[in-house]
Amino acid sequence: MITDILQMGENTNLRGQVIVIGSGIAGAEVATHLARHGREVILLESGRAQFDPSIQALNDVIFLGKRHRELKPNSYYHQYLPPELRGVSRVRQFGGTSNVWTGKWKYLQPSDFEARPWVPNSGWPIPFTELLEHYRSAAKDYGFGDLEAEAMRAEIVELRTQIAAKGLKMTSFYWEETPTRTAIRFGDEMRRSQNLQVVLGATATELRLDESCQRVTGVACRSLEGRELIVEGQVIVLATGAFETARLLLSSDRQLPGGIGNQHNLLGRFYTDHPKHHTGKLYPGFLTRQYAHELQYAPKPRFCICFALDDATQQEHELLEHVLYLQPIYERISDRLWRTLRGRPVCRDGNGTIASYRVKFVTEQLPHKQSRIKLGTERDPLGQRKLEVDWCFTDQDRRSMAKTLELLTERFEEVGLGTFDFGNDPPSLETMTDAAHQMGTTRMASHPEEGVVDTNCRVFGTDNLYVASSAVFPTGPSYSPTFTILALARRLGQHLLTRTPTTPKLSSV
Ligand SMILES: Cc1cc2nc3c(=O)[nH]c(=O)nc-3n(C[C@H](O)[C@H](O)[C@H](O)COP(=O)(O)OP(=O)(O)OC[C@H]3O[C@@H](n4cnc5c(N)ncnc54)[C@H](O)[C@@H]3O)c2cc1C
């Protein structure tokens, strides 16, 4: 069922087996999976079905270093948001950020999980194979195309082979026609479920520990209307996104100074995003003309391609993994005249004649301790300490990006993919924006000295507190993160079934 904190009486205590906090793609996945398997689940969500700017304001942060993207009041995207909030990187609403996201689903690659000696702090403590069954089952349930079959399609294999000869690689992602909106996908199931109670308008403000300080016994919640609620459970899952997950752990510092999971002062550190640049152009070469149909972006749903330097080149030059996306820009009459006068060959796909490709350059950022979020002194309307975000880069990030661009430029020309033109706005970390892919603030590790959660996403030092979010990514190669968030959430859902026997119904005490 779906309820609201305002429907609860004063001083209500709720009790469930599992408490999931956050109703985005991660939280909805864990909560519905457990409820379908007979577990009594309470899902706490700060937002409500309708977007509310005063609730969204609880996400406000103070930037100490590089800022996130500028908001775009005139954007035709996200028209449902008030103009002054169009372009936000995180959304506080039932369904979370899935209310605004674009719907590109991408597997990480096996090499993304491996430690790279030239990238400090790289490597996941779990291999790609741990996630493969979850990627596959999610793709099936959500009705995506088969990315593995796509990788073996004849045209894709041919193009991949041709560019491999010049030290380039390419991978495919699936782009939905209508991006999955969690509230729509799971809304009916949640309303009907006997085992799942969603409480909207309930912002978790503190995790309460038992005397041992190893077990979370309950979650204190508050609403902007002043209603308070305590929710008790055996297992707690934080699915509040990379910023709010770290914030809640840091804020729960009454019993454990420094917050929960912060024994080694790593909580909130290693914050990375995917700085991106998208004002460049590619003028197509013969290979692009030959495979233009494979590079189409519309109509959706469809598989699309992105390019990078191959693994051997990255190793040889000690580079991070930066990725190029190419979006066709179709000819206008003036472009056609220009091309005809110069005797340039036609580049055509299923949608028309292409003048050039818009180049989006998305970068991997080195995970390092100084790039971090922490609690500041300013308070939000619920009296919670706001986050201060110190998003910063290293010299290695800058070197890696510059060298990658140089090599991509050479190799795209040599292999016949085309010629770049970045005009007077070449990619630079200073001018690039975030990609709304916050990662790494509670990184996964084998040992508590190296991270905040273990390989089951359990917060080190606790028995029953878990994280479902890109917060656990130890590194974030430059690809869309949400498929991996979903695969990790599925894996966590399965793991939690083994930690929670089926029990009697939810109770209100
Ligand atoms: C414009 C845009 C386009 C994007 N496009 C893509 C794309 O194409 N492909 C891709 O892979 N990724 C994309 N992303 C990123 C993607 O949206 C996120 O990775 C994903 O939605 C994160 O899901 P989540 O469940 O981890 O977090 P969220 O969806 O952010 O959910 C967190 C939930 O927790 C709630 N919450 C927060 N704090 C509290 C609290 N204290 N108490 C209770 N509830 C709380 C929030 O209200 C929210 O509902 C895009 C992002 C944006 C902004």
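These are legends for four close-up views of a predicted model.

Local features here need pLDDT of at least 70 and side-chain atom pairs pLDDT 80 or more, while totals for chains, interfaces and linings use all residues. Residues are numbered from 1 along each chain as its sequence is written, and side-chain values use heavy atoms, with hydrogens and water left out.

**View 1. Helix α3 packs against helix α12.** Here α3 (residues 129-142) meets α12 (residues 482-497) at about 105 degrees, and the axes are 8 Å apart. Helices (H or I, at least four residues) and strands (E, at least two) are DSSP runs, numbered from the N terminus. Axes are lines fitted to C-alpha atoms, for helices over the stretch in contact, and angles run from 0 to 180 degrees between N-to-C directions. The pair is therefore roughly perpendicular (angles of 65 to 115 degrees). Among the residues in contact (heavy atoms within 4.5 Å) are Leu131, His134 and Tyr135 of α3 and Phe483, Leu486 and Arg490 of α12. By class, the contact has nine nonpolar, four polar and five charged residues. Ala, Val, Leu, Ile, Met, Phe, Trp, Tyr, Cys and Pro count as nonpolar, Asp, Glu, Lys and Arg as charged, and the others, Gly among them, as polar.

**View 2. The ligand and its shell.** The ligand is surrounded by 35 residues (a heavy atom within 4 Å), and the closest are Glu45, Thr97, Lys104, Ala204 and Thr482. Sorted by class, the shell comes out as 14 nonpolar, 17 polar and four charged residues.

**View 3. Polar contacts of the ligand.** These are pairs of N or O atoms within 3.5 Å. A polar side-chain atom of Glu45 sits 2.5 Å from a ligand oxygen. Polar backbone atoms also come in: that of Ala26 is 3.0 Å from an oxygen atom of the ligand, and for Gly103 the distance to a ligand oxygen is 3.3 Å. The ligand alone exposes 1000 Å², and the protein buries 94% of that (Shrake-Rupley method, 1.4 Å probe). Elements giving two or more residues to the shell are α1 (25-36), β9 (203-209) and α12.

**View 4. Backbone oddities in two loops.** In the loop between α8 (286-290) and β14 (302-309) sits Pro299, joined to Ala298 by a cis peptide bond with omega of about -5 degrees. Pro301 is in the loop between α8 and β14, and a cis peptide bond links Pro301 to Lys300, with omega of about 0 degrees. Over in the loop between β9 and β10 (216-222) is Cys213, which has a positive phi of about 60 degrees although it is not a glycine.

How values were computed. Parallel < 35°, antiparallel > 145°, perpendicular 65-115°, else oblique. Polar contact = N/O pair within 3.5 Å; in protein donor to acceptor, adjacent residues only side chain to side chain.
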